[in-house]
Each structure stands twice: as structure tokens, then as C-alpha cells.
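Thank you all for making time this morning. I would like to walk through one structure with you, going slowly enough that you can follow each step on the screen.

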Amino acid sequence: MYAGTNRGAIVTLTANPSLDRTIELSGVLLRGAVQRAAGVHEEPGGKGVNVCRALAASGVPAVAVLPGDNADPVIQALRTTGIAHRNLPIGSPLRANLTLTEPDGTTTKVNLPGPELGAAVQESLLALAIDACGGPEGTNPAGWLVLAGSLPPGVPADYYAVVAHALRARFNAAAPLLAIDSSGPPLLGALLHDAAPDLLKPNGEELSEVTGVATGDALEADPSLAAGAAMTLVERGVGAVLATLGARGALLVTAGGAWLATRPPVTPKSTVGAGDSSLAGYLLAHTEGRTPPECLRQAVAHGAAAASLPGTTVPSLDQTDPGAVTVTPLELHPVPASSTGRGPATPTPKEHS
């Protein structure tokens, strides 16, 4: 179990949560065929919810903020499993996502768009997240606010940047650290509108998307190139980049250095939520005051443990094996001009007070 410092809870905001149903197939998925399920799992989901579940599994204080009526299956599941949460009733059902896993770990995921959130709901959800970061009277503010996952219909792409600015305006120097884990327009919108997160957690494809460097496959195949791409984000004001590189492990880049973490392959059961567990592992170690390489080590250990579990099951700390992870310092080199054909996707952000 977790035995960290008293730095406040970790708050996650999931604007587009879901009920995640995972069906385990006994054989290879055959398009157009009738197949029997070998097992079924159902969990409350969405990136921020998954991070919160993984932290709670290790006893780390965490609160999930999300839209959803009290009687919605997602909210009921959080209540049943004892996950601390603050939900905003919206009068519409939340989405349900479907995942199909094959015996070799191959995963097929179908995500629904989610209910449309109007401007008034967006403002109320932002206020609920900021309020959750304040902590109970007489306690420390939250240590982190994690903005994670996709945005539902009706929510503008810069919503995470709006939340980031509101957070810093509310708490000033005492503001919780900010982590962002998203993709597509919400990720680009956050960076283009100066969210300047303390931690960004892309995969190879997302790292390529926000830097204009090479392709996701090329970055996963070349950790040095990926580190150079991540460094361009650090130079633009991102505090640290935790980039997952698939089978090649993960890397962490900060203004103070870069590290690559690898471990022996695990037998995958489902890769859904492995990245969310990696982020939870990093946050857990950071809250304990660990060094950047140790935070990276725990992130990879958490991600590997999650991949070895069925469905969207999250690991507890005692199910991870950080000793199996090798962390190696990387030398940072300028990104070759031939790798930046699309140009950087983000401008230089302004300084925050």
C-alpha cells in the first residue's frame, strides 16, 4: 500500500467518461462471424477515471470528477467500487464503450462519442473540478489535477486550456501540478492555447502529432528521435514529457535530462488502460518524492502490470515489479531537419505567473 507524503489528493477530470465493457474471445476475431465470449468484464472508464482507479488500488488519495447522473451506471459503478468521485448531473446517459480482446492480447476497441455538453454544463464541470482541487477545509490543496481523455460533443478543443488557466487563477502559486493525457484536437487545443502542463503523457503517435516530428511508428522505433521530439515541447514550456513507446518501453524528458525505461515483455491480456496505469504509476512515485528516473520506472512497471490483466483491470502497487524495469540515461540530440517535415504543432507558450 501507499505510504506517501501529505501533499493533497490527486484529482482527475474526465469530461467524457464511459462504462467499459470488455469481451474476451477464445480465438481470433473473425469479421462477420458469430463467436462465443470466453469472459466479460465491466468497469467504469475514461482515462481520468482509470487513473483514479489505479491510484485508489494502491491507497493513494484520488478523486474522479466527471459528468453523470447519480443513477447512471458509470456513477453507480464508482460508488459500488468505493472510488471517491464528484459527479455533475447532466440529464443524459453516459456512453458505453466496447472492447474485444483476443488470446494473444490483440485488442479492438469501439468508442462512442458520448452525450453533448452545452456551455452551462461545461462551466459547471470546470467549477466542480476547481472546487475538488481545493481540498476539505484545513487541508492542503490537491497535489495534481489530471485532465484526461477525449472531449464529448459540444465541448471546444481548447477546454483543457480553459481549465488550466482557471486552476492557476484560483490558486496562483499554490496551484496543483497539471497533467494532460489526451489526443487529437483536445491535445492540440491545450498546447496551442498555452495550457503549459507540468506533465504531458503522449504515445508515439500523439508525440508526432504535437511536434510535427516524423511518424508515431518512427518515434516508437527510435527512442533517441522521440526524446529529441519531446525536448522541443519542454523547450516550449511543458514541464516533463512521459512518452510511452509501445514495445520499446517509455521515456521521460525534462529540462534536467532524458531517460529510457525498458522491461522484459509480458504476456498481454488487454492493453486497454495500460497507458492510464502508467500515468498513475508516475504520479504515485512523484507524490512520494521519487526522482525522475524512479518515477519513470514505476510508470513502466504499472503499465506492464495493467497489460497483463484482463479487460480494464488496474493493478495495485504490490502487483507491479519495478525491479524488472531498466532505466538508461539518454543523450539529447537536435531533431534532424529531415524528421520535421510538418513543422512544430505548438507555438512558444507565454509565461505563467
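What follows is a tour that starts with the whole chain and then stops at several places within it.

I should say at once that this is a predicted model, and everything I describe is computed from it. The protein has 10 helices and 14 strands, and its C-alpha atoms fill a box of roughly 50 × 50 × 40 Å when that box is taken along the principal axes. For 353 residues, a compact globule would have a radius of gyration near 20 Å, and the protein, at 19 Å, agrees with that. Of those 353 residues, 53% count as buried. If you take the contacts between residues at least 6 apart in sequence, 67% of them join residues that are at least 24 apart.

Let me turn to the first of the sheets I want to show. Here we have an open sheet of four strands, in the order 3-2-6-7 and with mixed pairing. Strand 3 and strand 7, the latter spanning residues 107–110, stand at the edges with a single partner strand each, so one side of each is left without a neighbour in the sheet. From one strand to the next, the twist averages 20°. Within the sheet, strand 2 and strand 6, which covers residues 95–101, pair in the parallel sense over seven bridges, and Thr-22 stands opposite Thr-99 in strand 6. Helix 1 packs on this sheet, where it touches strand 2 and strand 3, and its direction makes about 95° with that of strand 3.

Now to helix 2, residues 73–81, in which Val-74, Ile-75, Ala-77 and Leu-78 are buried. Why do we say that these buried residues line one face of the helix? Seen down the axis of helix 2, they fall within an arc of 160°, so one face is what they line. The general background is that an α-helix has 3.6 residues a turn, so residues three or four places apart point the same way. What covers the buried residues of helix 2 includes strand 2, strand 3, helix 1, strand 4 (62–67) and strand 5 (85–88). At the N-terminal end, helix 2 is capped by Asp-72, which has a side-chain oxygen 3.0 Å from the backbone nitrogen of Val-74. Just after the helix, Gly-82 takes a positive phi of about 75°.

Before leaving this part of the chain, please look at Asn-16, in the loop between strand 1 (10–13) and strand 2. Is Asn-16 buried or exposed? At 3% relative accessibility Asn-16 counts as buried, since the cut-off for that word is under 20%. If we leave aside its neighbours within four places in sequence, Asn-16 is in contact with Arg-95, Pro-113, Gly-114, Pro-115, Ser-150, Leu-151 and Pro-152.

Moving further along the chain, we come to strand 13, residues 257–262, which is mostly covered, with five of its six residues buried. Strand 12, residues 250–254, runs antiparallel to strand 13 and is joined to it by five bridges, and the hairpin between strand 12 and strand 13 passes through two residues. In this pairing, Val-253 has Ala-258 of strand 13 as its bridge partner. Strand 13 also pairs with strand 14, residues 326–330, in the antiparallel sense over five bridges, and there Leu-260 stands opposite Thr-328 in strand 14.

Ala-324 lies in the loop between helix 10 (292–307) and strand 14. Not counting residues up to four places away in sequence, Ala-324 touches Thr-262, Arg-263 and Pro-264. The C-alpha atoms of Ala-324 and Pro-264 are separated by 7.2 Å, although these residues are 60 residues apart along the chain.

My last stop is Thr-232, which lies in helix 8, residues 223–235. With a relative accessibility of 17%, Thr-232 counts as buried. A polar atom of the Thr-232 side chain lies 2.5 Å from the backbone oxygen of Ala-229. Again leaving aside neighbours within four places in sequence, Thr-232 is in contact with Thr-211 and Val-335.

That is the end of the tour, and I am happy to go back to any of these places on the screen.

How values were computed:
Residues numbered from 1 in each chain as written. Predicted model: local features only at pLDDT ≥ 70, side-chain atom pairs only at ≥ 80, totals over all residues. Heavy atoms only, no water. Buried < 20%, exposed > 50% of the residue type's maximum accessible area, 1.4 Å probe, protein only. Arc of directions from axis to C-beta. Contact = heavy atoms within 4.5 Å. Polar contact = N/O pair within 3.5 Å; in protein donor to acceptor, adjacent residues only side chain to side chain. Pairing = 2+ DSSP bridges. Axes fitted to C-alpha atoms, helices over the stretch in contact; angles between N-to-C directions. Rg over C-alpha atoms; globule rule 2.2 N^0.38 Å.
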